[in-house]
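Biologist: I am new to this structure and should be grateful for a close look at a single part of it. Please concentrate on one strand and its surroundings.

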Amino acid sequence: MWTLIQMMRKYDPAAKHVLEIVLFYPGIKAIFFHRIAHFLFSNNVPLLPRAISELSRFITGIDIHPGAKLGHVIIDHGMGVVIGETAIVGDGVILYQGVSLGGTSLEAKKRHPTIEDRVVIGAGAKVLGNITIGAGTRIGANSVVVGSVPPNSTVVGIPGKIIKRGIREGEELNHERIEADAKTTGDSSSS
């Protein structure tokens, strides 16, 4: 959890104090509860993992299935974030409010996305199905992504379209560039 707190201090200019993050950031609380629920779920403890998940959702507004596998993930603001059972989320990923990592199948198999390291998913975006979002990718707010995305890409729109490739490490947080990238490619779906 300490790594997550340090990441939050680095990426959130509003984070002034460690105690403030621990006490008042819902994403930190949701990850804490998830770590406990996931441990119990992975050890086949019945009911309790889902009960912890429900309590966490009630407290934070963030719904993470106990089966989801999460690295060091920042959930910024967090209200309405949904992460499905078979989702895999890497390190350095940032999810903004209203993001869904959802499934598109009723079969008991891998049906949620895999999000590789350093991906930033904008507010309200939906990433659906057993797809992979490559490392270093930016997904614009309110986009709906239903196909795999190669690393270091920018995706916007409904359905999500790649508007830029070649994002360098460290640029994935530059959301202000998404609109400019869309304009240079002639994609009006981001407006």
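**Strand β14 and its partners**

Modeller: Four bridges link β14 to strand β15 (residues 161–165), and the two run antiparallel. The model is a predicted one. Within this pairing, Val 156 of β14 stands opposite Lys 161 in β15. The two strands form a hairpin with four residues between them, in which Gly 157 takes a positive phi near 100°.

Strand β14 (residues 153–156) also pairs with strand β12 (residues 138–139): two bridges join them, and here the sense is parallel. In this case Arg 138 is the residue that stands opposite Thr 154 in β14. In general, the strands of a sheet pair through backbone hydrogen bonds, either parallel or antiparallel.

The side chains may be considered next. On one side of β14 lie Ser 153 and Val 155, and on the other Thr 154 and Val 156; all are buried, and both faces of the strand are thus covered. Thr 154, which faces Arg 138 across the pairing with β12, and Val 156, which faces Lys 161 across the pairing with β15, therefore belong to one and the same buried side.

For comparison, an open sheet elsewhere is formed by four strands in the order β2-β5-β8-β11, with parallel pairing. Its edges are β2 (69–70) and β11 (132–133); each has a single partner strand, so one side of each is left without a neighbour in the sheet. The pairing of β2 with strand β5 (residues 88–89) is parallel and rests on two bridges, with Lys 69 opposite Ile 88 in β5.

Technical notes:
Residues are numbered from 1 along each chain as its sequence is written. This is a predicted model: local features need pLDDT of at least 70, side-chain atom pairs count only at pLDDT 80 or more; totals for chains, interfaces and linings use all residues. Side-chain values use heavy atoms; hydrogens and water are left out. Two strands pair if DSSP finds at least two bridges between them. Buried means under 20% relative accessible area, exposed over 50%, partly exposed in between (1.4 Å probe, protein chains only).
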